[in-house]
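I opened a structure I had never seen before and kept notes as I went. Here is what I looked up, entry by entry.

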Amino acid sequence: MIEPGNSTTSTGNADNGVPAALTVGVEEEYLLVDARTFRVAPAAPLVLDTAAGLPHEVHPEGTRYQVEISTPVADSATMLREELVTLRRTLARAARAHGCRLLAAPSPVLTVEQPLHLTDDEPRQREQHRRFGALTDTLVSCGRHIHIGTLDVDTAVAVSNRVRPWLPTLIALAANSPFWGGRDTGHASWRAMAWSGWPSAGLPPHFTSTAHFRRSVQTLLGSGAALDTKMVYWDLRPSGHWPTLEMRAPDMSADIDTAVLQAELVRALVATVLRDIAEGRPEPVLREDVLRLARWRAAHDGLEGFGLDPYTGAELPAADLAEALLDLVAPELAAAGELDHAAKTLGGLLRDGSGAHRQRAAFARRQDLLDVLRHMADETEDF
């Protein structure tokens with residue numbers, strides 16, 4: 001069981017270098033599918049026009065098959081959940097008005113016909129397609145970006161280094177993309193693997209300083225691996241636009257409670273790391289080769305299989321690694337009043353199965369991928 005940097009105190013005293021409260025905001029990407037065929041539908045402009053009265057930000061994504069929301073900054077998981085429910089309900093209603101269903105799905109499941117319907121009003125997307133070719137096929141996928149603030153860039157870089165070991169566990173918890181291109185990929189999170197094809201994606205480096213972080217970003221830009229800072233696709237990064245640390249690793253989750261659990265765990269993990277830094281605890285030594293393998297194993301096995309302890313390389317049940325993360329951050333969750341919800345939701349996942357497990361169960365009943373898509377559409381709309 002991994003227990004590096006275990007903290008037994010809670011966030012709340014700004015005098016010792018730990019913020020009195022950390023905020024959370026979430027960006028969620030959704031697919032739009034035809035309500036009859038469940039194939040992706042290029043209906044984003046129509047759906048966004050219908051949903052234009054939303055009080056919060058709703059905007060296009062890289063293709064016309066997708067829409068994205070950004071929640072307001074939240075001080076609690078309860079507030080975040082309320083915002084997600086409001087935004088999903090309104091977008092689902094707008095999608096149905098145009099013969100579509102809203103899918104909080106990481107992958108399109110069925111094959112997407114070529115050429116892609118890229119976002120018309122984004123010349124950047126056209127340039128991205130010209131430079132990166134078939135890699136842009138993976139744009140028809142959806143992730144969840146969790147922003148934790150307020151953190152200056154120096155702090156965000158330091159926290160990123162200590163959060164990295166837990167990226168595989170967070171990927172396993174969120175694994176929800178076993179099907180892609182009309183077949184079972186043999187992975188619980190194929191999105192994590194497909195997205196890793198981008199030269200600016202995957203595990204972030206371990207940064208020796210903020211200057212090192214900035215040099216790494218400039219290297220991506222100078223080498224042609226990224227058009228701009230928006231294309232820094234690392235699983236975890238200091239945000240280029242907000243005073244936050246941005247977690248980009250998790251798949252989209254159709255059920256809202258799992259989505260909220262991810263935000264709870266990430267915020268509590270950042271709070272735990274901040275306290276460790278403030279108390280002068282040394283950063284645990286990590287083997288980079290083991291972490292890379294742990295990331296793959298998490299994407300392959302998901303929550304139902306095995307993972308690797310990123311510090312030792314020992315094979316452990318993924319459920320044990322998830323419970324180790326919960327144990328690590330439990331004091332911070334308790335201080336925020338979120339421990340009961342997090343423990344109950346994780347317990348439900350371990351009992352009933354992850355998103356990937358539930359998708360495969362839906363397919364197993366009739367060997368029909370449309371059943372998988374209906375299942376995800378219904379979960380997305382289960383408010």
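**Notes on the hollows and one helix**

I began with the second largest cavity, which holds about 70 Å³ of space. I kept in mind that this is a predicted model. Its lining includes L173, A174, N176, S253, D255, T258, L349, R358 and E379. Two elements, α5 and α12, each give at least two residues to that lining. I sorted the lining by class and got five nonpolar, four polar and three charged residues.

Next I went up to the largest cavity, at about 90 Å³. My count of cavities of 30 Å³ or more came to two. The largest cavity has 14 lining residues, and P168, T169, A298, G307 and L321 lie nearest its centre. At least two lining residues come from each of α5, α9 (288–301), β12 (306–308) and α10. What charged residues did I find in this lining? There are no charged ones, just eleven nonpolar and three polar.

L349 had caught my eye in the lining of the second largest cavity, so to speak, and I turned to its helix. Helix α11 runs over residues 339–352 and spans 20 Å between its first and last C-alpha, close to the expected 20 Å. I found A342, T345, L346, G348 and L349 buried in α11. They sit on the same side of the helix because they cover an arc of only 155° around its axis. On the other side, D340, K344 and R351 are exposed. I then checked what the buried residues pack against: α5 (167–174), α8 (256–278), α10 (318–335) and α12 (355–366). Just past the end of α11, G353 has a positive phi of about 105°.

Then I looked for open space. The largest pocket contains about 1100 Å³. I noted 44 lining residues, with E27, H59, E61, E68 and H145 closest to the centre. Elements giving two or more residues to this lining include β2 (57–60), β3 (66–70), α3 (123–132) and β5 (144–149). Which element gives the most? That is β1, with six residues. By class, I wrote down 13 nonpolar, 17 polar and 14 charged residues for the pocket lining.

Last, I picked one residue of β1, namely Y30. Is Y30 buried or exposed? Y30 is buried, because its relative accessible area is 0%, where the cut-off for buried is under 20%. Leaving out residues up to four places away in sequence, Y30 touches Y65, Q66, R88, C142 and M252, among others. I also noted that Y30 and D382 are 352 residues apart in sequence and 15 Å apart in space, C-alpha to C-alpha.

Definitions and conventions:
Residues are numbered from 1 along each chain as its sequence is written. This is a predicted model: local features need pLDDT of at least 70, side-chain atom pairs count only at pLDDT 80 or more; totals for chains, interfaces and linings use all residues. Side-chain values use heavy atoms; hydrogens and water are left out. Helices (H or I, at least four residues) and strands (E, at least two) are DSSP runs, numbered from the N terminus. The expected span of a helix is 1.5 Å times one less than its number of residues. Buried means under 20% relative accessible area, exposed over 50%, partly exposed in between (1.4 Å probe, protein chains only). The arc is that of the directions from the helix axis to the C-beta atoms. Contact means heavy atoms within 4.5 Å. On a 1 Å grid over the protein atoms alone, a cavity is a set of points where a 1.4 Å probe fits but cannot get out, and a pocket is an open set with protein on both sides within 12 Å along at least five of seven lines; lining residues have an atom within 4 Å of a point. Grid points are joined across faces, edges and corners, and a volume is the space filled by probe spheres set on the points. Ala, Val, Leu, Ile, Met, Phe, Trp, Tyr, Cys and Pro count as nonpolar, Asp, Glu, Lys and Arg as charged, and the others, Gly among them, as polar.
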